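User: Can we go through the cysteines and the backbone oddities in this one? Sequence and structure below.

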Amino acid sequence: MKKILLMLLFLASTVLYAQRVTVTGTVTDSQGNPLPGATVQVKGTNVGVLTDAGGRFSIETGPGSILVISFLGYNSSEIEVGSQTTINVSLQESVLGLEEVVVVGYGTQKKVNLTAAVDQVTDETLENRSVPNLTQGLKGVLPNLNINLMDGKPIQAPSFNIRGTTSIGQGGSALVLIDGVEGDPSLLNPNDIASVSILKDAASAAIYGARGAFGVVLITTKNPEKGRTHITYSSNYSIKKPTVPDFVTDGYTFLKMFSEAFVNGDGSFPQNVNKETKFSQAYLDEFKRRVESGQPYNEVEIDPVTGEYVYYGSTDWYDILYKDFTTASDHNLTVSGSSDKAAFLVSGRLMDQPGIFRYSSDDYSMMNLRAKGSIQVLPWLMLENNSDYSTMKYYNPFSVGEGAVDIWNIIAVDTHPHSPMFNPDGTLTTGAVYSVGDFWYGKNGITMKKGVFKNTTGFTASFFDNKFRVKGDFTLRKDDVENVTKRVPVPYSSKPGVLLHVGTATNDLKNDWAKTQYLSTNIYGEFEDTFNNDHYVKVLAGYNYEESTYNRILVTRNGLIYPDAVDLNLALGQAITTGGGYEKWAIMGGFSRINYAFKDRYLIEVNARYDGSSKFPSNQRFAFFPSISAGWRVSKESFWNVSPDIISDLKLRASYGSLGNGNISSYIYQEQFSISQSSIILKGQLPQITKNPAVLPDGITWETSTTTNFGLDFSMLSDRLRFVGDIYTRNTTDMFTIGVTLPALYGATAPKGNYADLQTKGWEASLSWRDHFNVGSKPLNYNIRFTLADNKSVIKKYNNPNKLLSDYYVGQVIGEIWGYVTEGFFIDDEDVANHAKQSPQMRASPTHIWYPGDIKFKNLNDDDYINIGTNRVSDPGDRKIIGNKSPRYIYGINLGADWNNIFVSAFFEGVGKQDWYPSTEAEYFWGQYNRPYNNIPLWHLGNMWTPDNPNAYLPRTMSRAASNATTRELGVAQTKYLQNVAYIRLKNIQLGYNIPKDLISRIGISSLRVYVSGEDIWSWSPLYKIVGKGHMDVGNIGPRDQVIRPGAGADGFNYPIMKSVIFGLSVGI
Amino acid sequence: MIMKKQYLWFALLAILFVSCEKELDQTPVSTASKTAVFGSKDGLEMYTNSFYSILPGRTTKLDAMSDYLAVRTVPTFIHENAFAATLSSGWTWTDLRNLNYFIVNCVDPKISATDRKHYIGIAKFFRAYFYFEKVKRFGDVPWVNKPLDVADTLILYGGRDSRTLVMDSVLADINYACENILTTTDQSRSTITKYVAYALKSRICLFEGTFRKYHTELNLQATADTWLTNAATAAKTVMDEGGFSVYTTGGPDKSYRALFTSDSPVASEIMLSAISDITLKVLNDANWYWTSGTYGDKASFIRTFINTYLNIDGTPFTNNPDWPTMLFKDEVKGRDMRLQQTIRMGDYKRIVGGTPIPAPPVFSYTFTGYQPIKWTLDDMYYDSERLNTNSISVFRFAEVLLNYAEAKAELGTLTDADWAATVGKLRQRAGITGGLDTKPVEADPYLIENYFPEITDPVILEVRRERGIELCLEGFRFADILRWKRGELMNMEWNGFYVPELVTPMDLNEDGILDVAFYQGTKPSPAVEGVTYVDVSETIDGKTNPQLLKNGTYGELTWMNNMVRKWEDKMYYYPIPATDLITNPNLEQNPGWE
């Protein structure tokens, strides 16, 4: 950000004339860094100079005059020259940053003049951290910029949400623009970022029209520094440790509890432990005998009848799966400089994070290269170019035994503590081969590569003393996504001398390559002037065109001739699947913005965009989106007599605007016969099939999001305390959803149309305090910032007249959880007999008989049964709304201080209120209450109902109790097991030191910083009171591995959250 | 000069706008258009390929609800007071829309009328199949022969059509298919041919004929014979022209099971099959389903049904007065050789890592001792997941023979020659030596007493016996029970083999290794190596034990008879799912389910 300001100032013309004395000096910031481009002016004259790249200035003045030193973003300072000829000035950063400039659509704006809801963070937010990608680094930093990281995987890069639920029809997330052009933030070099700005209301986003319906995120990269060439090298090295679940690892305990759960829930004595090992009462008895006699564990014997291995082991599979820690390193080099006419910046980055898996490590790496430059070709014309090349590579291993399954799920299903990893002859055991053994074999996984090349060429032409500017740019972007999936059989042995394989049904290679070519061009003119000192006017108008063409090729072929083959030429089988894919869309629009300010007191802004999109039928193709916002700086009024020491600034803001949501799949209004491959063999092959096209929508038009926003900004106590708050209502109307449910006889989902409305109400606020005092004669600067945001969405219109709970309904609060009220456990058979019947809706045992220790649900509707009634709002049976899974009161806390070149900071983020009902597959929570052979969470021990332990948290042991969300006693949502997953997380903490200049300048270094920082090192949630701290991180309750099973639930089968400690340094020359 | 430049910019802007606007017209290129699909034979073929998912596919679990299987839990449908309209399902019509869309749109004159009729014939075959399944499940259903529009409210919100209207339409569809499908043979046995259509016709007509005959409450008895005659003639067409035969090449002890365990369909007898193929990675889960203690239903035959397998000489097993107390190892000897190809017995072996090992019934799986092997492969490699490579028959010649025999028997026109060509052929393949050439004249009292008290005709009785045995586990049984109006069979006791006494271990396959023992209370100690001990106490840990002996300490095994299964007449039809009645109350609920 700073650099942009420098540039603006550098261009500003100044006048200089002779004086008698020459005063020289250096302007620095509070940390001693030179401030190039600061203005040094003789007070009361228009004589002034700018500081050079080293912050140095030289000005001629007369004795007795006063120098005013000012710099955007800093408090200006006035110094009497007296007889001094050398004056060194240290400027304090402006507490309020009132002079701060904020990036908005197609330009920048002074923060004081903002009328819409816009927020911004600068590069500081990302300094000294180690985040696998930029998206992860932005979590929690801006209020109501919601990034839902579902687990700790380095490639996690969910879409950005601004201000809560957007649309239940077409959906939609925030538009992300990198230097004005759509792009993938997860492929950016975090060190290149100058600022990230979010446009939250319709008024600020309107200039982007249809794509900005749900807010805009503007990411701006750094510009070349002015003056001499700077070289900055920074590097950090981190140590990352996974969250490891606490499961029972004792083989006998596991098997004993397995058989008990199995008998109760599966209704007979088990014959196998799932499918891996044989099981019998005799085997369990023998295991018990060994445990009780103190015979050593981990013995492998051979069954005399079948000749198969028999295991008496105790294996901690997660210990074998994960390394104790992994590392990551990040190297970044930036070279930047400029002359009178040209400026350049070249940056490069290498990021490398070896995976956390001990075998088949999921290595992650990223390479970024950016070259940015500008040249002043003519006095009025500047050309700029910005190119970016980035690649990301990640290896996602999986287990092939059951097709392609994420490791966490397959350990739960197939890999059990009583089984060791290896047989005596070194082959894998049946338990190991499905999961960790597959990793040890090390051949099954997806190699994922993403690359982006982007080039923007632009110009700025200035006319009439820079009052009128014309800007234009053209961007070409190419994205490549390559996924290569390999599945080969893995050898194992269940009896000596016999080698078997799992995964024989697959043995194939899949290449899935997708390319997107994206073009964008903008041309716009901007006029800016002030009339009669009081009337400031800025007018912007322009044209924008973008198109995107997507192509995909997918080929799978089986019959790899050897397991290490990586090329399709070596796949010789007859199971061949091919696929293509194509999508092209284009949008074009004209946009304009008018800003008017009267005496800096009354501010008004009008935005409008006329937008066209290829995704709509021709009669609906174009739409017009206007918006208006206004601000009143009360503190600038003449009647305002409050001392600036108390209230230094007060502004009221309001905005209103309406935007169309163009976030819709292409071609939806055209009849399409899609072609796919059948899964049924006909005449010896899997033929292509096509079928009746989807029902055409019942007319289609734009969804509209209309936002009303009110804001209040004030600063108090000499700018030390600052508050920014916004409250808003966003109505998403005409959402594209299904029509009134038709009788099933129709044979298709009812045609979609613009049928539903949604209202989201919310607010966000940030409060910051910044001050300093002296400690040991040196200033200690400190700051605190607290942000809080909330939103809640309600369905206002929806085609569900019967208010069936299986669908949205009018009045529904998004995220609400319907469930039963848990009354306790049945005490005895009489208790069961006297209670309302819980069958046939639910069952606790295969025989449908309820026993003591089973869950007793409260009879809410006083009929004879516990059930879901007709599953309608008016007849929900014995259920009611018991919670809500949407996060509420999302907060962030920033603490920072610096003293004598030492700086410390901490950043906490969290959620104030959120409920979670563990899904049926949440093994970390349910253990053997789901599958009998699942791992047992340690916290279950002693926490399960028995006649002697009637007050336990969990019911009597029983497999399958949590295996179905409508028919099983734990699977159904209910009050007792509803979890409070509010949390607080210490996202980042830092301690650093800037080595004083006098120590390093003699070795030719201008700055040197060392630091140590921690990422995700602490968190707390009420959930931990139930499951114990350390067993699972609250960040791991998201849906299962989305690479392997996109869209699937099963909370917790996902990548562990990592705690990192980072050591870094940064050298500037 | 500067001003001129500005005009230039505006001109450029205007050009950009005009040149880009045409880009807003985009058409999909990775999907096909209607003309492409309906204007070429390849397109029609590609579309009709989508119909095959209407068939049951590679499943072997269709008989999980039947009278002859004891399963892990009582199916909710027959569990007393457990089923209701809120739990019902099956009122889905998406396949019909796909079929009707094709039939209505297959009009492109670029394709010859003969070819169009062929493909429409395929579509009508599937529409007949689709409606047949709907009628079996719900009785009256609405007949719809076009893709409905939202504006078709009279149909969408209308009532159901009568059974006669719907079934006459089904008959018209299947007749059209028989007449117009051009393919007469497909060696891969995976696609619909003219003779598969005739086979379906015989299946549908037999169902409808017997249903109307025995469900006298419909008052359609008068029309039954027409349907039965249609069934017989359709079956006869397949027998005379289809080129199929009963497969006997593997000998009487192997041929039968080879039909169910072969990778490629046994082409002489299998008419249509759901193919599995390892090279195409298309597999089924038969072993997983039939051997896993957790995945499947743990289905085993009940003793009452096993008793219907004849002696090898063709006489009823139950003629031997000692049968009630015969031990498993003895009772399975000297029987119809389909028994040893249907359940674990005798020297049945499984393969572990290439080595055959004796495999008696295992009591961590079976509840009765009669453990099915009809669909499973012997190698235990296939047990653990979806790995089976055997193809699953959907239509086979033996069914057509049985359809013929039953239709003729019901019509009273079955001759000795008919008998020899149908049931006789099947019994001969199973190694049975007696009663192959002449139709039976003696009614087996066991069948009358246990299965069909109202049938006295020995031919009908024997055809029904034959159908039960020959087609067991192939998904016919529940529909047979419905059309014979013998729902009460679903109440039959779930019984297992005879256990003479507690504690003493039994050797089930006479390999010298003791296999299973039953006890009450405390498990015998020391335990005999290799023996599975099954607790048959009244209660275990205070909970009712579903696995008991009939006379307490001895007698037949029984399973889960504490869970009452109760057949009621309303169960001849499923209820219309409650939510579908909410969206269209004019459907009206089936009687008894309101």
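**Cysteines and backbone**

Analyst: The count of disulfides over all chains is zero, a disulfide being a pair of cysteine sulfur atoms within 2.5 Å. This is a predicted model: local features need pLDDT of at least 70, side-chain atom pairs count only at pLDDT 80 or more, and totals for chains, interfaces and linings use all residues. Residues are numbered from 1 along each chain as its sequence is written, chains are lettered from A and ligands numbered from 1 in the order in which they are written, and side-chain values use heavy atoms, with hydrogens and water left out.

User: Why no bond for Cys205(B)?

Analyst: Because its closest cysteine sulfur, in Cys178(B), is 8.9 Å away, too far for a bond. Cys205(B) is buried, at 0% relative accessibility (buried is under 20% relative accessible area, exposed over 50%, partly exposed in between; 1.4 Å probe, protein chains only).

User: And what is the closest cysteine sulfur to that of Cys106(B)?

Analyst: That of Cys178(B), at 19 Å, again too far for a bond. Cys106(B) is buried at 3%.

User: Switching topic: where is the cis bond before Pro840(A)?

Analyst: Ser839(A) and Pro840(A) are joined by it, with omega about 0°. Pro840(A) sits in the loop between α10 (829-834) and β44 (855-857) of chain A; helices (H or I, at least four residues) and strands (E, at least two) are DSSP runs, numbered from the N terminus.

User: Is Asp862(A) buried or exposed?

Analyst: Exposed, at 66% relative accessibility. Asp862(A) has a positive phi, near 55°, and lies in the loop between β44 and β45 (879-884) of chain A.
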